[in-house]
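Work through these exercises with the model open beside you. Try each task before you read its solution.

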Amino acid sequence: MNQLPPRSPVASLASENTNSRVEALDNLSMDSFWLEVENIKQSTEAEQEECSLADVKTQEEGEAEAEWLQDAGLSELLGDVASDKDKLVLLSTLTRTQAAAVQRRLDTYSRSRRRRNKHPVRDVRDIFGVGSSEDSAAEKEESSPDPLWHNLRTSNTQRTETPDYSCTVRNPGKEEVFNMDVAYSEQAAVLLKGSFLSESRKLKDGNALTRFKIPKGRLGVTRIGDLSAQDMKKIPTLALIELTALCDVLGFELKRNKAAKLKTTEKRLFGVPLNTLLENDQKLLPNTKVPLLLQALLSCLEKRGLETEGILRVSGSQTRIKSLEQKLERDFYSGLFCWDEVHQNDVSGLLKRFIRELPAPLLTAEYLPAFAAVQNIPDLKQRLQALNLLILILPESNRNTLKALLEFLSKVVARENNNKMNLWNVSTVMAPNLFMHKGLPNKIPEGKEKQLAEGAADVVRMMIHYQDLLWTVSSFLVAQVRKLNESSSKRYQFCDKRIKHLLRKIHADKDKVEKNQGEPSKIVKVHASLLLKDSLEVHLNNATRVADVLRQFQKNLCQNGWNIVNTVNLLKCNNSMECTNLLLYEVGGNIGEHCLDPDTYLLDLYHINPHAEWIIKQNPSYPRMF
């Protein structure tokens, strides 16, 4: 297990809460965790395999900041001559705490460059218009008369001063609100400023874990998969900036491993990078998002293993598992491998082996320390906020594979009465397979073994129990994507004298939108080109939701005899089409493509994106009847 990132002095103030939370685990058995660790060690020693990843080297001062700026989409700031346009487009979307996180890392990078006597780097004041963290307040006031940083700070402060943070007040023993409308780092800053006590959530059994509810605003909730691939590519950089800002506010240092080159392998299944597996699988089944081998392993366990007592915990025969791996390598893609005669404990062993044998950890080498460090955050809600952002940062192939695994683990927990595997049992068994990797150094501080083991198991438990929440794209991130798209489409040519004009234009556009929001109704057209030749004319008011439009579409289809383009595209049930078979998409304008929540209020959405088209499509998760 990787050494966890050290906490800053501010974070040490929460150590008492963290210790009390960890002490609550004393009554929860860790036997399964250590048994699994021993099985992993025996398997590795027997095979005498070399590490598949290069050793992680300690980065020099400034290297981590430079890599962070690159991953955050701000590599232009590293050069002597940065692109003001690209820089301003992204920076103009950031909140106050996010921009402060960027400034802090650019400041550190600049100082390290100067100390190494390399070519001069742009001063941080050239980027943000304020002094570095070492400058005095007087020097900041004497900076340029119309600095970009001052305008952005003023704009973002105005944008984040008024939201209602009452949802963050603790309500022990009841369902709590999980606010996704306001940036997590801004919420944390308000809590600290207001001296709210950070409540330590003691770990309990799965049935007693705190319940969280995401309040549906007027624009509904966006899940991972609802956004187009083009828009989802923007989410990881925004999530990284927000995660860093959240850690800064909480006083935790976000450490990341440096990405290492993977060694090639002659195998086709085990020990093969996820992207390579998916490329091979997609040649057989286009649009495959989860490796076919993993799908087969999970399917076999779901059919015959969910009722097996001790499934995942009881280890199969290492000799049989190794033999099965060789047979799979030879016969899997030819379809000659027979799953019927395989013992379920051996299949679960193959599943865990597949995860461990990945050349890079499923949680990625770069962010494995960050996942492990989540346990150091004393407040449950803030731990979930950090996990939500980490999930969004993961590469798509890792995120999809992790989701398939967690969905299966949830099914195992649901059969607890038969298989005797509750949420904690499953978490302690799977934690070593996710957090220990043969390609990464296992540096565990002396005396910290128990605390780190329990923390890793708790992170896995949170990912299993709260996966629906964790696979949600926060509304504030979607809003930032919209602003990025809007800013990119304007194609301004920026220079210092044009910045004020740009910001004035942004505020003018905002005022225009606010004025339009007073419009009581609107008539729009909804298209369904793949289903019908006609479009649906919809009268929008403040109460019109996506579900209402889909019901209206269904009613008109059945009663008015519209001209259907292709009847096989409509799922028939009792001679009528189900409304749940249809989805409404927002396409174009300031978004690529967005599958809308049925509870989205369309007039509000129209005001935010008036240039979009609305298109009805069949739900891809429903089978088509030919």
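The exercises below treat a predicted model.

**Exercise 1. A salt bridge across the chain**

Task: Find how far apart the closest N and O atoms of Arg-105 and Asp-248 are, and decide what kind of pair they form.

Solution:
- Step 1. The closest N and O atoms are 2.9 Å apart.
- Step 2. A salt bridge needs a side-chain nitrogen of Lys or Arg within 4 Å of a carboxyl oxygen of Asp or Glu. Arg-105 and Asp-248 form a salt bridge.
- Step 3. Now place the two residues. Arg-105 sits in helix 5 (residues 96–115), and Asp-248 in helix 11 (residues 235–250). They are 143 residues apart, so the pair links distant parts of the chain.
- Step 4. Check accessibility. Arg-105 has a relative accessible area of 14% and is buried. Asp-248 has 23% and is partly exposed.

Here is the general idea. Side chains of opposite charge can pair when their charged atoms come close.

**Exercise 2. Two more pairs**

Task: For the salt bridge of Asp-458 with Arg-461, and for that of Lys-255 with Glu-253, state whether the residues are buried or partly exposed.

Solution:
- Step 1. Take Asp-458 and Arg-461. Their side chains meet at 3.7 Å, N to O.
- Step 2. Both residues belong to helix 21 (residues 449–465). They are three residues apart, so about one helical turn separates them.
- Step 3. Asp-458 has 2% relative accessibility and counts as buried. Arg-461 has 1% and is buried too.
- Step 4. Take Lys-255 and Glu-253. Their salt bridge spans 3.3 Å, N to O.
- Step 5. Lys-255 has 38% relative accessibility, which makes it partly exposed. Glu-253 has 37% and is also partly exposed.

**Exercise 3. Count and connect**

Task: How many salt bridges does a search of the whole structure find, and which residues are linked in a network?

Solution:
- Step 1. The search finds 25 salt bridges.
- Step 2. The network links Lys-216, Arg-545, Asp-548, Arg-551, Asp-597 and Asp-599.

**Exercise 4. Helix 3 and its cover**

Task: Which residues of helix 3 are buried, and what covers them?

Solution:
- Step 1. Helix 3 covers residues 63–71. Glu-65, Ala-66, Glu-67, Trp-68 and Leu-69 are buried there.
- Step 2. The cover includes helix 5 and helix 11.
- Step 3. Look along helix 5, where Arg-113 lies. Arg-113 is buried, with a relative accessible area of 12%. Its side chain makes a polar contact of 2.5 Å with that of Tyr-109.
- Step 4. Move just past the end of helix 3. Gly-73 takes a positive phi of about 75° there.

**Exercise 5. Build the sheet**

Task: In what order do the five strands of the open sheet stand, and which strands stand at the edges?

Solution:
- Step 1. The order is 6-5-11-9-10, and the pairing is mixed.
- Step 2. Strand 6 (536–541) and strand 10 stand at the edges. Each has a single partner strand, so one side of each lacks a neighbour in the sheet.
- Step 3. Neighbouring strands are turned by 30° against each other on average, direction ignored.
- Step 4. Start with strand 5 (residues 521–527). It pairs with strand 6 in the antiparallel sense over six bridges. Val-526 has Leu-536 in strand 6 as its bridge partner.
- Step 5. Go on to strand 9 and strand 11 (residues 613–618). Six bridges join these antiparallel strands. Leu-583 is partnered by Lys-617 in strand 11.
- Step 6. Strand 9 also pairs with strand 10 (residues 591–595), antiparallel, over four bridges. Gly-588 stands opposite Ile-591 in strand 10.
- Step 7. Inspect the hairpin of strand 9 and strand 10. Two residues lie between the strands, and Gly-589 takes a positive phi near 75°.
- Step 8. Strand 9 spans residues 582–588. Five of its seven residues are buried, so the rest of the structure largely encloses it.

**Exercise 6. Cysteines**

Task: How many disulfides does the structure hold, and why is Cys-338 not bonded to Cys-300?

Solution:
- Step 1. The structure holds zero disulfides.
- Step 2. A disulfide needs two cysteine sulfur atoms within 2.5 Å.
- Step 3. The cysteine sulfur closest to that of Cys-338 is in Cys-300, at 9.5 Å, which is too far for a bond.
- Step 4. Compare accessibility. Cys-338 is partly exposed, with a relative accessible area of 41%. Cys-247 is buried, at 10%.

Key. Residues numbered from 1 in each chain as written. Predicted model: local features only at pLDDT ≥ 70, side-chain atom pairs only at ≥ 80, totals over all residues. Heavy atoms only, no water. Buried < 20%, exposed > 50% of the residue type's maximum accessible area, 1.4 Å probe, protein only. Polar contact = N/O pair within 3.5 Å; in protein donor to acceptor, adjacent residues only side chain to side chain. Contact = heavy atoms within 4.5 Å. Pairing = 2+ DSSP bridges. Axes fitted to C-alpha atoms, helices over the stretch in contact; angles between N-to-C directions.
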